[in-house]
Amino acid sequence: MSEEKSHAGTPGTRTERTFIAVKPDGVQRGLVGEIIKRFENKGYKLAGLKMLQPTKEQAGQHYIDLKDKPFYNDLCNYFSSGPIVAMCWEGTGVIKGGRTLLGATRPADSAPGTIRGDFAVEVDRNICHGSDGPEGAVRELNFWFKPEEIVDWTSCVASQVYASK
């Protein structure tokens, strides 16, 4: 009997999934398409996408692991200050690979060619959020997406991205 896949994916497999959010600064600056393009160009598959404006409470729950940090309230206020684009991306190593595409949290530490290295100046306006590990990805995908909002589909270019096993 095969085990049914969670809508949050299966870490360590081709169906690994991660949560990526374009923050209000990225939306306001018109970078959503560029960010999607970079993930697609890498070979990752978009499985869920929606635009919403988080409430302060949703922002607080999303960043609950940072609640003891001095910047927590400012971060929650900013994350809820405008629309975000919430995305679910799928592919082998997408959690770590997505973080690599984003670049370091502090834009000054981000390499050119990364999203933050190319577009962000300050850590308080660093364009995107990306899940930091398998547990965070599952928690964030379950928080922002209902199972029916994630689409299981097969890309026609999958055989060009992945070797057969």
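In this predicted model, Asp-152 forms a salt bridge with Arg-17, and the closest N and O atoms of the two are 2.5 Å apart. The term salt bridge is used here for a side-chain nitrogen of Lys or Arg within 4 Å of a carboxyl oxygen of Asp or Glu. Asp-152 sits in the loop between helix H7 (134-144) and helix H8 (158-161), while Arg-17 belongs to strand S1 (residues 17-22), so the contact ties together parts that are 135 residues apart in sequence. Helices (H or I, at least four residues) and strands (E, at least two) are DSSP runs, numbered from the N terminus. The two partners also contrast in their surroundings: Asp-152 is exposed, at 55% relative accessibility, whereas Arg-17 is buried, at 2%. For these labels, buried means under 20% relative accessible area, exposed over 50%, and partly exposed in between, with a 1.4 Å probe and protein chains only. The pair is also part of a wider arrangement, as Arg-17, Lys-45, Glu-90 and Asp-152 are linked in a network of salt bridges.

As a handy reminder, side chains of opposite charge can pair when their charged atoms come close. Arg-38 offers two such pairings. With Glu-34, Arg-38 forms a salt bridge whose closest N and O atoms are 2.8 Å apart; both residues lie in helix H2 (residues 32-42), 4 residues apart, and are therefore separated by about one helical turn. Arg-38 also forms a salt bridge with Asp-118, again with the closest N and O atoms 2.8 Å apart. This second pair links distant parts of the chain, with Arg-38 in helix H2 and Asp-118 in helix H6 (residues 115-119), 80 residues apart. Arg-38 itself is buried, at 17% relative accessibility, while Glu-34 is partly exposed, at 27%, and Asp-118 is partly exposed, at 38%. The count for the model comes to 7 salt bridges.

The cysteines tell a simpler story. With a disulfide taken as a pair of cysteine sulfur atoms within 2.5 Å, the count is 0 disulfides. The sulfur of Cys-76 has its closest cysteine sulfur in Cys-128, 18 Å away, which is too far for a bond. For Cys-128, the closest cysteine sulfur is in Cys-88, at 15 Å, also too far for a bond. Cys-76 is buried, at 1% relative accessibility, and Cys-128 is buried, at 0%.

Residues are numbered from 1 along each chain as its sequence is written, and side-chain values use heavy atoms, with hydrogens and water left out. Because the model is predicted, local features need pLDDT of at least 70 and side-chain atom pairs count only at pLDDT 80 or more, whereas totals for chains, interfaces and linings use all residues.
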